[in-house]
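Biologist: I'm new to this one, so could you walk me through it and tell me how each label is earned?

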Amino acid sequence: MPTMTKPIDQPTSAKTAGRQPKPLPAPNSDFYQLAETLDAKELALLKQVRAFMETKVAPIINKYWVEDSFPFELLPAFKELNLAGVGMQGYGCPGGSALLVGLAAIEMARVDSSIATFFGVHSGLAMGSIYLVGSEEQKQKWLPPMARMEKIGCFGLTEPLVGSGTGGGLLTTAKREGDTWVLNGQKRWIGNAPWCDISIIWAKDVADNQVKGFIVENKSTPGFSVEKIENKIALKVVQNGQITLKDCRVPDANRLQGGESSFRDTARVLRQTRYMVGWESTGCAMGAYEHAVKYAQERLQFGKPIGSFQLIQDLLSRMLANITACTCLVARTAQLDVEGKLTDAQAALSKAFCTAKSRETVAWAREILGGNGIVTDYNVARHFADAEALYSYEGTFQMQHLILGKAITGFSAFV
Ligand SMILES: Cc1cc2nc3c(=O)[nH]c(=O)nc-3n(C[C@H](O)[C@H](O)[C@H](O)COP(=O)(O)OP(=O)(O)OC[C@H]3O[C@@H](n4cnc5c(N)ncnc54)[C@H](O)[C@@H]3O)c2cc1C
């Protein structure tokens with residue numbers, strides 16, 4: 001962070017004059033010490049993720065964010081973390097508890113939500129689709145190279161004309177011709193798509209009107225093309241694309257074959273990844289909070305650190321309360337997941353609540369930084385903007401509340 005004013009100059013009183021000032025507390029967004037509930041091995045891995053994010057990502061990410069580009073230079077060190085497929089057993093994946101999966105997402109988003117999203121799309125959505133809905137043979141074939149990050153994946157569900165309504169009617173079609181499927185349509189907003197290797201494409205089978213998932217190899221499938229979405233104001237490091245599928249021929253061996261061959265398969269994947277957005281958005285809020293605390297300790301106004309003002313302390317307390325509530329909430333969703341009890345409505349509540357609280361928290365962080373809160377160099381502006389995308393992707397706040405509202409009342413309000 002650029003130098004803000006003079007070095008820290010703590011207020012003195014007659015009693016403390018002449019004594020060394022007490023060091024100020026370091027910002028700590030894990031106030032209830034959730035990370036410490038991991039076992040020693042998982043905590044060590046989490047610390048590696050933290051070190052990677054702080055030493056490799058943090059110093060360069062603002063530049064990439066401003067330039068709207070992806071830091072490919074980070075991929076070799078990312079691969080060395082052996083994190084892709086975290087939470088998945090076998091197939092070259094590292095395994096790990098549900099809590100580790102969530103805390104790793106927090107660690108990434110605490111420094112940068114784009115990096116957390118890049119990883120979430122590859123590991124959670126793309127690998128997760130194959131892990132949850134693929135046949136044994138498909139898992140053996142596709143997951144190991146994806147776990148080694150030799151092949152990077154994306155997840156194509158949203159379309160230019162169908163966003164929230166994907167459960168009701170995708171326009172992308174799949175037509176079977178012998179052992180081949182012919183895919184036609186468009187997908188919009190697809191993270192990693194402009195450069196990655198493998199797309200999970202969800203399309204409606206014209207024969208039975210059911211949604212099915214297909215593994216498409218981006219670089220070698222004729223008729224597959226991607227256009228990068230330009231001029232975003234959030235998650236600018238993630239490259240989002242608009243995919244066009246024009247008579248793309250995919251072998252039946254690439255149709256996800258281990259599920260029910262309906263939208264229920266897609267919903268199964270989304271249940272997992274939605275609650276992961278709860279973790280990511282909590283991490284995003286943590287990053288903004290920690291920057292705001294440091295700033296409040298250093299920035300002087302009226303001759304005093306602004307952190308010594310009651311109204312600033314009130315904002316910081318509200319921020320930490322939001323973060324701590326969200327952390328406890330997502331920790332419980334991880335337990336429910338392990339117990340096999342996590343429902344769509346529970347995942348929806350987590351996604352909606354945490355992203356809304358994150359949005360509130362990053363806005364307070366921005367406020368604490370005053371004018372510097374809108375300058376990228378001070379980091380908070382990036383968190384502030386990125387929280388907007390987390391709030392809308394993987395199902396908007398309204399969609400999550402419709403899922404939740406149905407569970408509460410027994411009435412579906414979906415149109
Ligand atoms: C940065 C980013 C990354 C993304 N990555 C991916 C990806 O990798 N893969 C992928 O498939 N998709 C991805 N998406 C798409 C994302 O999931 C959609 O943007 C999201 O589901 C909303 O769809 P939409 O943008 O078309 O909005 P719309 O569905 O058009 O909604 C517009 C507004 O209307 C509201 N609305 C819609 N229907 C109702 C209703 N019945 N009642 C009340 N309000 C309603 C919505 O809540 C929203 O506020 C990404 C999006 C973003 C922004």
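Biologist: Where is asparagine 231 placed?

Modeller: Before anything else, keep in mind that this is a predicted model. Asparagine 231 sits in the loop between β6 (224-228) and β7 (240-251).

Biologist: And why is asparagine 231 called exposed?

Modeller: Its relative accessibility is 68%. Exposed means over 50%, so asparagine 231 counts as exposed.

Biologist: What is the phi of asparagine 231?

Modeller: About 65 degrees, a positive value, although asparagine 231 is not a glycine. Most residues other than glycine have a negative phi. Aspartate 68 also has a positive phi, near 65 degrees, and isn't a glycine either.

Biologist: Where is aspartate 68, and is it buried or exposed?

Modeller: Aspartate 68 lies in the loop between α1 (40-67) and α2 (75-80). Its relative accessibility is 13%, and the cut-off for buried is under 20%, so aspartate 68 counts as buried.

Biologist: What makes threonine 266 buried?

Modeller: Threonine 266 has a relative accessible area of 0%. Buried means under 20%, so threonine 266 is buried. Threonine 266 belongs to helix α6 (residues 263-298). Leaving aside neighbours within four places in sequence, threonine 266 is in contact with Phe155, Leu157, Trp202 and Val211.

Biologist: Let's stay with that helix. Why are α6 and α7 called roughly antiparallel?

Modeller: α6 and helix α7 (residues 310-338) pack at an angle of about 155 degrees, and their axes are 9 Å apart. Angles over 145 degrees count as roughly antiparallel, so α6 is roughly antiparallel to α7. The crossing of α6 past α7 is left-handed. On the α6 side, the contact includes Gln272, Tyr275 and Trp279, while α7 brings in residues including Ile312, Leu316 and Asp337. Sorted by class, the contact of α6 with α7 has 17 nonpolar, five polar and one charged residues.

Biologist: How do you know that α6 and α9 are roughly antiparallel?

Modeller: The axes of α6 and helix α9 (residues 380-392) cross at roughly 160 degrees and come within 9 Å. The cut-off is over 145 degrees, so α6 and α9 are roughly antiparallel to each other. α6 passes α9 in a left-handed crossing. Val277, Glu280 and His291 are among the α6 residues that take part, and Val380, His383, Ala387 and Leu390 meet them from α9. By class, that contact of α6 with α9 has seven nonpolar, four polar and one charged residues.

Biologist: Then what makes α8 oblique to α10?

Modeller: Helix α8 (residues 344-368) and helix α10 (residues 397-409) pack at about 140 degrees, with axes 8 Å apart. Roughly antiparallel needs an angle over 145 degrees, and roughly perpendicular runs from 65 to 115. An angle of about 140 degrees fits neither of those ranges, so α8 is oblique to α10. Here too, the crossing of α8 past α10 is left-handed. Among the contact residues are Asp344 and Lys351 of α8, with Phe397 and Leu404 of α10. The residues of this contact of α8 with α10 divide into nine nonpolar, two polar and two charged.

Biologist: One last check. How do you know that the span of α3 agrees with its number of residues?

Modeller: Helix α3 (residues 98-111) has 14 residues, and at 1.5 Å a residue it should span 20 Å. The end C-alpha atoms of α3 are 21 Å apart, so the two values agree. As for cover, 14 of the 14 residues of α3 are buried, so α3 is mostly covered.

Technical notes: Residues are numbered from 1 along each chain as its sequence is written. This is a predicted model: local features need pLDDT of at least 70, side-chain atom pairs count only at pLDDT 80 or more; totals for chains, interfaces and linings use all residues. Side-chain values use heavy atoms; hydrogens and water are left out. Helices (H or I, at least four residues) and strands (E, at least two) are DSSP runs, numbered from the N terminus. Buried means under 20% relative accessible area, exposed over 50%, partly exposed in between (1.4 Å probe, protein chains only). Contact means heavy atoms within 4.5 Å. Axes are lines fitted to C-alpha atoms, for helices over the stretch in contact, and angles run from 0 to 180 degrees between N-to-C directions. Angles under 35 degrees count as roughly parallel, over 145 as roughly antiparallel, 65 to 115 as roughly perpendicular and the rest as oblique. A crossing is left-handed if the near helix is turned anticlockwise from the far one by less than a right angle, and right-handed if clockwise. Ala, Val, Leu, Ile, Met, Phe, Trp, Tyr, Cys and Pro count as nonpolar, Asp, Glu, Lys and Arg as charged, and the others, Gly among them, as polar. The expected span of a helix is 1.5 Å times one less than its number of residues.
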